[in-house]
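Hi,

Here's the structure I said I'd pass on. Have a look at it in your viewer first, and my notes follow below.

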Amino acid sequence: MYTAAAGMAAQQTRLDAVSSDLANVDTTGYKSARVAFRDLVYDDAQGYGAAKGVTIGAGSAATSIGRSSAQGALQDTKRTLDVALNGPGFLQVKLADGSKALTRDGNLEVAPDGRLRLSSGGQVLEPAIKVPAGADPDAIKIGSDGSVSYNNVALGQIKIVDVPAPTGLQGGPGNTYVATKASGATRAADKSTILTQGSLEASNVDEATAMTDMIEAQRAFQMASKAITTQDQVLEIANQVKK
């Protein structure tokens with residue numbers, strides 16, 4: 001019964017992850033969650049009348065192993081302040097508390113103070129890039145290396161960074177990630193990674209696969225639940241026989 005309960009808890013974790021993926025299928029630069037299962041402790045089954053050497057497992061548990069780093073499809077928006085990362089790496093932004101975060105969301109806009117920021121969460125690029133007051137956003141040019149210019153005047157450089165272990169990144173506010181000890185410190189991204197102006201990177205969630213995973217997890221959850229119900233019925237019958 002406890003083994004089945006552990007299985008239900010593990011499948012619930014998987015369902016939560018798949019549900020989050022499906023909810024973010026249209027989120028720019030979103031990366032799907034990855035969930036794995038591990039064995040729980042095995043105990044000697046002697047107390048259950050089994051032969052010597054037979055062990056009984058305590059079930060399984062779900063473990064998050066980070067997010068998929070697969071490239072999302074590039075969507076042509078023809079908007080000058082949209083940029084898509086092509087290759088491993090992230091844009092670097094500053095959070096409200098002053099700390100740095102990473103994102104694949106290149107949907108930018110000009111803030112009231114002239115700095116470029118994310119449209120989704122309002123985090124400004126780090127280092128800051130300021131657009132002259134009254135400038136036409138459609139005349140801003142962003143190069144594949146991240147260089148930003150307006151009327152042939154350089155405004156700054158969008159910093160593209162990466163971490164040694166992206167699976168160790170922790171989710172941050174507004175479609176961002178925060179570097180942790182597990183991910184390692186940020187460093188310059190590989191030079192093969194480029195920015196494409198006028199495009200956005202779509203979520204890398206495959207909707208058909210996510211739906212299949214959800215149905216599979218629901219069936220496994222129901223099966224574990226049925227095992228508990230059956231065990232309860234067996235115990236009830238045993239109790240009546242004893243009386």
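Quick one to start: which residues of H1 are buried? Before the answer, bear in mind that this is a predicted model. The buried set is Ala4, Ala6, Gly7, Met8, Ala10, Gln11, Arg14, Leu15, Ala17, Val18, Asp21 and Leu22. Note that Arg14 and Asp21 are on that list too. H1 covers residues 2-23, and its length checks out: at 1.5 Å a residue its 22 residues should span 32 Å, and the end C-alpha atoms are indeed 32 Å apart.

On to the pocket, which may be your part of the job. The largest one has a volume of about 400 Å³. It is lined by 23 residues, and the closest to its centre are Lys31, Gly66, Arg67, Ser68 and Tyr177. H1 turns up here again: along with strands E1 (33-39) and E4 (60-67), it supplies at least two residues of the lining. By type, the lining splits into nine nonpolar, eight polar and six charged residues.

Then there's the packing. The largest nonpolar core has 23 residues, and Val148, Ile158 and Leu195 touch the most other members. E6, E7 (90-94), E10 (116-118), E12 and E13 each supply at least two residues of this core. Apart from it lies another core, of nine residues, with Leu15, Val18, Val25 and Ala210 among them. Leu15 and Val18 are also in the buried set of H1.

If you want one residue to click on, try Leu195. Leaving out residues up to four places away in sequence, Leu195 touches Val83, Ala84, Leu85, Leu91, Ile142, Gly143, Ser144, Gly146, Ile158 and Ile160.

Finally, some backbone details to look at before you set anything up:

- The peptide bond from Glu126 to Pro127 is cis, with omega near 5°. Pro127 sits in the loop between strands E11 (124-125) and E12 (140-142).
- Lys78 isn't a glycine, yet has a positive phi of about 60°. Its place is the loop between E5 (74-76) and E6 (83-86), and Lys78 is exposed, with a relative accessible area of 69%.
- Asn152 also has a positive phi, near 65°, in a residue other than glycine. Asn152 lies in the loop between E13 (147-150) and E14 (153-157). Is Asn152 buried or exposed? Exposed, because its relative accessible area is 78% and the cut-off is over 50%.

Cheers

How values were computed
Residues numbered from 1 in each chain as written. Predicted model: local features only at pLDDT ≥ 70, side-chain atom pairs only at ≥ 80, totals over all residues. Heavy atoms only, no water. Helix = DSSP H or I, 4+ residues; strand = E, 2+ residues; numbered from the N terminus. Expected span 1.5 Å × (residues − 1). Buried < 20%, exposed > 50% of the residue type's maximum accessible area, 1.4 Å probe, protein only. 1 Å grid on protein atoms, 1.4 Å probe; cavity = no way out; pocket = protein on both sides within 12 Å on 5 of 7 lines; lining within 4 Å. Points joined across faces, edges and corners; volume = space filled by probe spheres on them. Nonpolar A, V, L, I, M, F, W, Y, C, P; charged D, E, K, R; others polar. Core = buried A, V, L, I, M, F, W, Y, C linked by side-chain atoms within 4.5 Å. Contact = heavy atoms within 4.5 Å.
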